[in-house]
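Q: Could you take me on a close look at the metal site in this model, and then follow the strands around it out to the pockets and cavities? I would enjoy one connected walk through it.

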Amino acid sequence: MKTRRHFFQSAGIAGGALAAAAISRVALAALPEPVLQSAPDTMPPLAPPNGRPYRPVLTLNGWTLPWRMRDGVKEFHLVAEPVVREMAPGFKAHLWGYNGQSPGPTIEVVEGDRVRVYVTNKLPEHTSVHWHGQRLPNGMDGVSGLNQPSIQPGKTFVYEFVARRPGTFMYHPHADEMTQMAMGMMGMWVTHPKAPHPLIDEVDRDICFLLNAYDIDPGSYTPQIMTMLEFNIWSWNSRVFPGIDSLNVRYGDKVRIRMGNLTMTNHPIHIHGHEFQVTGTDGGPVPHSARWSEVTTDIAVGQMRQIEFVADEEGDWAFHCHKSHHTMNAMGHKIPTLIGVDHSGLAGRIRQLIPDYMVMGERGMADMAEMEMPLPDNTVPMMTGEGPFGSVEMGGMFSVLKVRKDQKPGDYSNPGWYRHPPGSVAYEWTGALAEPARSQAAGKSAMPVQSMPQGEVQVQVRKPQAGGGKLDSGHPH
Ligand SMILES: [Cu+2]
């Protein structure tokens, strides 16, 4: 819930009217009272209480910052401060963020709006805010030392500019960036077009989030800030699966998803069951002639991508980063690959005592998802999440696009698991298995005989033996 003394408890439809009432209460204050958020949940879109109308965005596991209108200027108040972010149920992190959460709230304005943002620094060190992608006066660009003195702890700075260009943007510090971004300081900024725009379509659902990453040792609470490559928590809006909310849409909706990457590596974001087009970047809308259909789009470091599609396939569709290590939670990176390695020489003796003994990783890592491994306090399992058919074996940058015919327009709530029509789910074959047919010419046409190695290279194929205990239980993959 938000605490401006619980004022905006439920934003959304009623939130607009509440916001207006709240603002008049503080209208004479010199700067807007900051609105704080204490929950990591996806808050309903904030309908604009004043100014030019627009269809507000939904921030995945996030919220939109209310503003006050003062003499025609939209005034926001960001407070940079240490926060406790629940990254998944049972896993909390000590991060830095804005207004009670990491990432900070989404800022939504309309092209042509004059915007004034008060930034109060409650961090133990100086900071600044850079408005990534915006056209603005140079002195408002937020690079400390270059465009402005940094904001010292306890001080408040004012940024003011006209949102000149519609599109998808973000904000983050440009002071001790390595620390402050590794600690979670960032937020989205959406500028809606002021009039129908030839390259910006009306959509039924507009969803946004940031890609971020942390290095938090299992059992600890605070990210390692010096980490350059070995991050172990891959998150969307500082949440990891199964803590990331699903994206719930109505069948036939035109859906826009806006993403920005503030990690230190690229993320190929992949959707199942649909094709999308990239309709915009932080540089602006993409011309129609430059759009093509994709099911994966790579988002490089510091880039933003806006994708659009019509949700015309019912079901629960995976939506995730395609780097498989990014759909896992905290793990050690130094575990050797043991798939197919025969430990029976060693394990045989142990089996005399424990008949079921098996070395971890011998049959792949899927067992990890189901194993009740003892975890340190404050840790999410490496891969987890229960689906209707069992463990999803995922973590990190993974969520589900839920497309439903009975989802009400504008209703973003979770409809539960998809009920598949009879006969439309993959099923087990229980008949006889034929011997595999092998090609007689396997390999020979691609490699002339004279360049083949002299002796036969012996490579053993290890196949699971039937009747080998747990192997027969057949996890659904
Ligand atoms: Cu990734």
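A: Let's begin with a term: a residue counts as buried when its relative accessible area is under 20%, computed with a 1.4 Å probe on the protein chains only. Please keep in mind that this is a predicted model.

With that cut-off in hand, we can turn to the metal. His267 (ND1), Cys321 (SG) and His326 (ND1) coordinate the copper ion at 2.0 Å. Along the sequence, the donor residues follow the spacing H-x53-C-x4-H. Histidine 267 belongs to strand β17 (residues 267–271) and cysteine 321 to strand β23 (residues 315–321), so this pair ties together parts that are 54 residues apart in sequence. By the definition above, histidine 267 and cysteine 321 are both buried.

The two strands that carry these donors are also partners. β17 and β23 pair in the antiparallel sense, over three bridges. Within this pairing, isoleucine 271 stands opposite phenylalanine 319 of β23. Phenylalanine 319 also stands opposite serine 399 in β26, and β26 (residues 398–404) pairs with β23 in the antiparallel sense over six bridges. Five of the seven residues of β23 are buried, so this strand is largely enclosed by the rest of the structure.

β23 leads us on to open space as well. The largest pocket holds about 950 Å³. It is lined by 25 residues, and those closest to its centre are Asp316, Pro388, Phe389, Ser391 and Val392. Two or more lining residues come from each of β23, β25 (390–394) and β26. Sorted by class, the lining of this pocket has 13 nonpolar, nine polar and three charged residues. So much for the pocket; the enclosed spaces come next.

Rolling a probe the size of a water molecule over the atoms shows where empty space is left. Here the count comes to five cavities of 30 Å³ or more. The largest cavity has a volume of about 100 Å³. Pro166, Gly167, Ile200, Arg258 and Gln306 are the closest to its centre among the 14 residues that line it. At least two lining residues come from each of β12 (187–192), β16 (254–261), β18 (276–281) and β19 (284–285). Of the elements, β18 gives the most to this lining, with three residues. The lining of the largest cavity divides into four nonpolar, eight polar and two charged residues.

Two of those contributing strands, β16 and β18, share a partner, which is β22. β16 and β22 run antiparallel and are joined by seven bridges, while four bridges join β18 to β22, again antiparallel. One residue of β22 appears in both pairings: glutamate 308 stands opposite arginine 256, and glutamate 308 is also the bridge partner of glutamine 277. Strand β22 (residues 304–310) is mostly covered, with six of its seven residues buried.

β12, another contributor to the lining of the largest cavity, takes us to a sheet. This is an open sheet of four strands in the order β7-β12-β11-β9, and its pairing is mixed. β7 (107–110) and β9 (130–132) stand at the edges with a single partner strand each, so one side of each has no neighbour in the sheet. From one strand to the next, the twist averages 25°. At the β9 edge, three bridges join β9 to strand β11 (residues 167–172), and the two run antiparallel. In that pairing, histidine 132 has methionine 170 of β11 as its bridge partner.

One more enclosed space rounds off the walk. The second largest cavity has a volume of about 80 Å³. Its lining is made of 17 residues, and Asn61, Gly62, Trp63, Pro103 and Gly104 lie nearest its centre. By class, six of the lining residues are nonpolar, nine are polar and two are charged.

To come back to where we started: the copper ion is coordinated by His267, Cys321 and His326, and β23, the strand that holds cysteine 321, also gives two or more residues to the lining of the largest pocket.

Technical notes:
Residues are numbered from 1 along each chain as its sequence is written. This is a predicted model: local features need pLDDT of at least 70, side-chain atom pairs count only at pLDDT 80 or more; totals for chains, interfaces and linings use all residues. Side-chain values use heavy atoms; hydrogens and water are left out. On a 1 Å grid over the protein atoms alone, a cavity is a set of points where a 1.4 Å probe fits but cannot get out, and a pocket is an open set with protein on both sides within 12 Å along at least five of seven lines; lining residues have an atom within 4 Å of a point. Grid points are joined across faces, edges and corners, and a volume is the space filled by probe spheres set on the points. Ala, Val, Leu, Ile, Met, Phe, Trp, Tyr, Cys and Pro count as nonpolar, Asp, Glu, Lys and Arg as charged, and the others, Gly among them, as polar. Donors are N, O and S atoms within 2.8 Å of the metal (3.2 Å for Na, K and Ca); water is not among the atoms, so sites may look incomplete. Buried means under 20% relative accessible area, exposed over 50%, partly exposed in between (1.4 Å probe, protein chains only). Two strands pair if DSSP finds at least two bridges between them. Axes are lines fitted to C-alpha atoms, for helices over the stretch in contact, and angles run from 0 to 180 degrees between N-to-C directions.
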